Amino acid sequence: MGIFSDFGKRFQDDWCKNCKAQMYPMTERLYFMPMTVGHYQEQKDPVYYFNKLRPINDVSQIPTGFYACRIKAYRCNGCGQRIAVVKPFLQVRDSVKEEIAVVFKNGELDALLGLQGW
Ligand SMILES: [Zn+2]
């Protein structure tokens, strides 16, 4: 199904790039993203996520035609590496269009995810 699903398969969330150990999920949260259908732009600056995201409880709270994202945080038991994976998606009727995941490796989103002190 085109370029987006290919990228999704290649990206292994729970596999440490440093030491190849399995990473363990610490938290997962869902956020509303103020971007509309056809206007998605990848955001690599953590400031965007702090300023623009709004936490929501489930996908029914996403306004029609707007993006949302799941952010999952992982920790590696092998080397201690932590990552936060942002997966933006757009619900279109019955299907979901997933964008390429954005990964933060230096704790940039810890405060957003409530992970200070880990
Ligand atoms: Zn590791």
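Biologist: What share of the contacts with a separation of 6 or more comes from residues 24 or more positions apart?

Modeller: Two residues are in contact if their C-beta atoms, placed from the backbone, lie within 7 Å. Here, residues 24 or more positions apart account for 64% of those contacts. Bear in mind that this is a predicted model, where local features need pLDDT of at least 70, side-chain atom pairs count only at pLDDT 80 or more, and totals for chains, interfaces and linings use all residues. Residues are numbered from 1 along each chain as its sequence is written.

Biologist: Which pattern do the helices and strands follow along the sequence?

Modeller: Helices (H or I, at least four residues) and strands (E, at least two) are DSSP runs, numbered from the N terminus. This protein has three helices and six strands, in the pattern α-β-α-β-β-β-β-β-α.

Biologist: And how many residues does the largest nonpolar core have?

Modeller: Such a core is a set of buried Ala, Val, Leu, Ile, Met, Phe, Trp, Tyr and Cys residues joined through C-beta atoms within 7 Å; buried means that 20 or more other C-beta atoms lie within 10 Å of a residue's own. The largest one has 18 residues, and Met 33, Tyr 67 and Val 86 are among those with the most contacts inside it. Strands E1 (23–36), E3 (66–76) and E4 (82–92) each give two or more residues, and E3 gives the most, with seven.

Biologist: What does Val 86 touch?

Modeller: Leaving out residues up to four places away in sequence, Val 86 touches Cys 69, Ile 71, Ala 101 and Val 102.

How values were computed: Buried ≥ 20, exposed ≤ 12 C-beta atoms within 10 Å, placed from the backbone.
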